[in-house]
Amino acid sequence: MNIPELKIGSLVSRLPIIQGGMGIGVSGSHLAGAVAAGGAIGIISGVQIGYREPDFNRSPLQANLRALRREIKNARQLARGGIIGVNFMVAMTHYREMVQAAVEEGIDLIISGAGLPLELPSLVKGSSTAIVPIVSSGKAAKVLVGRYSREGRLPDALVVEGPLAGGHLGFAPEQLDEPAFSLEKLLQDVLATVRSLNLKIPVIAAGGLRNGRDIARMLHLGAAGAQLGTVFVATQECDADPAFKEAYLSAAPEDVEIIRSPVGLPGRAVSTPFTRKMNELGTLPVKRCFNCLTTCNPATTPYCISQALIDAVQGEDGLVFCGANVGDIHEIVPVASLLKRLEKEIREAPEEP
């Protein structure tokens, strides 16, 4: 099939592909910059991005702000004029400060989920930064469009994320395997809502997509593009430790499990000694609170998600988030090779599904 460009506000991506934001530290400037240089949209995860800063334990906000600005600058240098964005979780304690810092650095777009990013229009006001909320239903899309309209603007695009995604999932555990909540159904629901509002907002499909054929299928269904995360972990430029990538390579389908997250949502992860210990004990004492999430109480949380994710990305035993199809990952490749393969597979897909 012919490959359409992905247009988000004034931004135009040659490939209709967004690399998903993966935290903590999995999608940093090296991965995002390489993706942008290859003609897609590269996304930095803004979650606890300053975990490597020497003062992170003492002053996590200042460490995160400093690292965010540095990562954006570094990604820009690597992107060769390509499009760079940041993903921020609404549940972050310092969401407002982090968004404002990204806007000050001239970030191209902000993708935001793990809650409804209702205040995003006011935070980017006066800038050229595009705003792209993540939704999981037409109802959520309608709420956001209504709220944003009252702020004098609309979302520049919407990401609709299905239950096969990696990391935190905006669904109840019993909904994850229900056909009514498949990405295809959710995409049609959001597209119908956008049409009913007589709007032309591009809708991007996400969650469980693994190759160009999957992308082509979403395009045929009416999506303007696709967001993929898991496949980008298995790249040379991914910012995670080699041991983190190895967990993907060695994971079989039966190694994927749904875990309980302090965020209050289910999450999809690779089975590791950490998750097995959690399943056995139920809780792990919190040694240090990073005050990272508004929804987390250190006195009652089952474990510290920041520490678990930081340990994993540094190659230690921790929480390794992944998509449902991680079992299809078998090799580490350069980002440029992955993008070329995805582009070839889209082109070779039939014009009709």
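**View A. Strand 10, covered on both faces.** In this predicted model, strand 10 spans residues 203–206 and has cover on each of its two faces. Val203 and Ala205 sit on one side, Ile204 and Ala206 sit on the other, and all four are buried. That split fits a general pattern: in a regular strand, side chains alternate between the two faces of the sheet.

**View B. The strands that pair with strand 10.** Take strand 8 (residues 158–161): it pairs with strand 10 in the parallel sense, over 4 bridges. Zoom in on Val160 and you'll find its bridge partner in strand 10, Ala205. Ala205 is also one of the buried residues of View A. Strand 11 (residues 225–228) pairs with strand 10 as well, again in the parallel sense, this time over 3 bridges. Here Ala206 stands opposite Gln227 of strand 11.

**View C. From strand 10 to strand 11 by way of helix 7.** Follow the chain and you get a β-α-β unit built from strand 10, helix 7 (residues 212–220) and strand 11. The unit is right-handed. Its two strands are the parallel pair with 3 bridges shown in View B.

**View D. Met1, tucked away ahead of strand 1.** Met1 belongs to the segment before strand 1 (6–8). Is Met1 buried or exposed? It counts as buried, because its relative accessibility is 11%, and the cut-off for buried is under 20%. Leaving out neighbours within four places in sequence, Met1 is in contact with Ala216, Leu219 and His220, and also with Ile346, Arg347, Glu348, Ala349, Pro350 and Glu351. With Ala216, the C-alpha atoms are 7.7 Å apart, although 215 residues along the chain lie between the two positions.

**View E. Helix 5 crossing helix 6.** The axes of helix 5 (residues 138–150) and helix 6 (residues 183–196) come within 8 Å and cross at roughly 35°. The crossing is right-handed. On the helix 5 side, the residues that meet helix 6 are Gly138, Lys139, Ala141 and Lys142. Their counterparts in helix 6 are Asp189, Val190 and Thr193. Sorted by class, this contact is a mix of 3 charged, 2 polar and 2 nonpolar residues.

**View F. Val263 in its loop.** Between strand 12 (256–260) and strand 13 (266–270) runs a loop, and Val263 lies in it. Val263 counts as buried because its relative accessibility is 9%. Ala114 is 149 residues away along the chain, yet its C-alpha atom and that of Val263 are separated by 8.5 Å.

Notes
Residues are numbered from 1 along each chain as its sequence is written. This is a predicted model: local features need pLDDT of at least 70, side-chain atom pairs count only at pLDDT 80 or more; totals for chains, interfaces and linings use all residues. Side-chain values use heavy atoms; hydrogens and water are left out. Axes are lines fitted to C-alpha atoms, for helices over the stretch in contact, and angles run from 0 to 180 degrees between N-to-C directions. A crossing is left-handed if the near helix is turned anticlockwise from the far one by less than a right angle, and right-handed if clockwise. Contact means heavy atoms within 4.5 Å. Ala, Val, Leu, Ile, Met, Phe, Trp, Tyr, Cys and Pro count as nonpolar, Asp, Glu, Lys and Arg as charged, and the others, Gly among them, as polar. Buried means under 20% relative accessible area, exposed over 50%, partly exposed in between (1.4 Å probe, protein chains only). Two strands pair if DSSP finds at least two bridges between them. A crossover is right-handed if, with the strands pointing away from the viewer, the path from the first strand over the helix to the second runs clockwise.
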